[in-house]
Amino acid sequence: MTDTPFTLPLGNEAAHRRFRAALDSGAMHHAWLFTGPQGIGKASFARAAALRLLAESADRADLAPGFAVGEAHPTRRLIEAGTHPDYRALVRLPKDADKPDGELARSITIAQVRTLQPMFATKPAMSPARVVIIDAVDDLERPGASNALLKNLEEPPTGTIFVLVSHAPGRLLPTIRSRCRQLRFDRLSDDAVRAVLRTALPDAAPDELDALVRAADGAPGRALGYAGLDMGALDAAMTSLARDGDPTTTTRSQLARTLAPKVAQARYEAFLDLAPSFIAERAAGQSGEALRVALDAYDAARTLAISARALSLDAQATVFEMAGLIARLAPPRLQ
């Protein structure tokens with residue numbers, strides 16, 4: 001999610017309370033696995049929890065209950081400056097170090113994991129605790145980086161708490177999962193998603209906000225990735241296809257021409273993400289033959305979205321075909 005660092009995210013209060021209880025117990029497990037769909041606030045909570053843990057470990061004075069740590073607190077200032085000796089966060093780095101806003105590498109490399117070893121060779125510097133966040137542990141280079149992390153989980157360095165963020169824990173090495181205490185995070189309600197989006201996008205028009213809430217599917221981070229892409233227009237086009245069909249192919253052709261150019265790549269990618277979800281949502285309200293048609297369209301849409309990316313299919317033809325699958329949802333006389 002794109003919130004400011006160390007802001008406690010909305011939703012998943014039960015998970016927050018469980019971690020708070022573990023922190024209060026004075027016997028923290030050395031490795032935590034935060035699991036759940038991408039974009040629901042796991043990494044945001046990991047940062048807030050790490051800050052609070054280190055702040056409490058250093059000095060509990062002047063800390064209110066919960067997870068808040070004031071901007072002037074020394075621990076927060078050091079972490080925000082990137083100079084806290086007992087805090088590390090491993091993420092995917094830009095492919096080109098000279099282009100920090102460019103495309104990210106596919107993996108968190110073994111070299112990145114190995115940069116932790118000098119820190120582990122000594123005790124924590126500022127308190128009895130240190131924290132290492134890996135966001136996301138699913139991105140670890142395999143087998144090298146995963147095995148390097150596993151060794152540290154098997155023989156945890158003194159005072160070290162690992163917080164591993166995972167969107168797909170089933171893909172992790174079973175030996176990594178078995179050494180972690182899992183904390184499950186769930187999708188947010190539409191009201192909670194809307195509250196997050198209102199804060200992050202105060203200038204968004206109401207119809208755009210409505211479209212982003214639907215696109216979020218309970219994950220505000222996902223919706224924020226679509227901000228500025230005129231999701232309201234995409235949502236309106238899909239709704240029109242599902243309601244009225246497209247017997248003359250006019251709507252399909254127009255949508256394909258709009259999304260095919262290189263300058264529309266981000267909206268094209270968003271359409272590939274959203275179309276299967278849109279069909280699935282419509283299928284939930286159907287029965288009988290209409291349900292069978294919708295389920296078949298959903299399966300075809302998922303396959304097409306995957307193939308379009310894996311095989312670099314022609315964008316215009318892909319959009320036209322995907323829009324046709326949505327049009328199948330219309331009553332037969334309108335298709």
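**Exercise 1.** Which side chain of opposite charge is nearest to Arg130, and is Arg130 buried or exposed?

*Solution.* The model is predicted. Begin with the place of the residue: Arg130 belongs to strand β3, which covers residues 130-135. Next, its surroundings: Arg130 is buried. Then look for a partner of opposite charge: the nearest such side chain is that of Asp86, 4.5 Å away. A salt bridge needs a side-chain nitrogen of Lys or Arg within 4 Å of a carboxyl oxygen of Asp or Glu. Arg130 therefore has no salt bridge, with Asp86 at 4.5 Å.

**Exercise 2.** Find which polar atoms lie around the side chain of Arg130.

*Solution.* Take the side chains to begin with: those of Arg130 and Thr160 make a polar contact at 3.0 Å. Then turn to the backbone: the oxygen of Lys123 is 3.4 Å from a polar atom of the Arg130 side chain. Finally, list the neighbours, leaving out residues up to four places away in sequence: Arg130 touches Thr160, Lys123 and Asp86, and also, among others, Leu54, Phe120 and Ile161.

**Exercise 3.** Describe the protein chain around this residue.

*Solution.* Count the elements: the chain holds 15 helices and five strands. Check burial: of its 335 residues, 44% are buried. Check the contacts with a separation of 6 or more: 71% of them join residues 24 or more positions apart. Last, count the charges: there are 40 positive and 39 negative side chains, and the centres of these two sets are 4 Å apart.

Definitions and conventions. Residues numbered from 1 in each chain as written. Predicted model: local features only at pLDDT ≥ 70, side-chain atom pairs only at ≥ 80, totals over all residues. Heavy atoms only, no water. Helix = DSSP H or I, 4+ residues; strand = E, 2+ residues; numbered from the N terminus. Buried < 20%, exposed > 50% of the residue type's maximum accessible area, 1.4 Å probe, protein only. Contact = heavy atoms within 4.5 Å. Lys, Arg positive; Asp, Glu negative; His and termini not counted. Charge placed at Lys NZ, Arg CZ, Asp CG, Glu CD. Polar contact = N/O pair within 3.5 Å; in protein donor to acceptor, adjacent residues only side chain to side chain.
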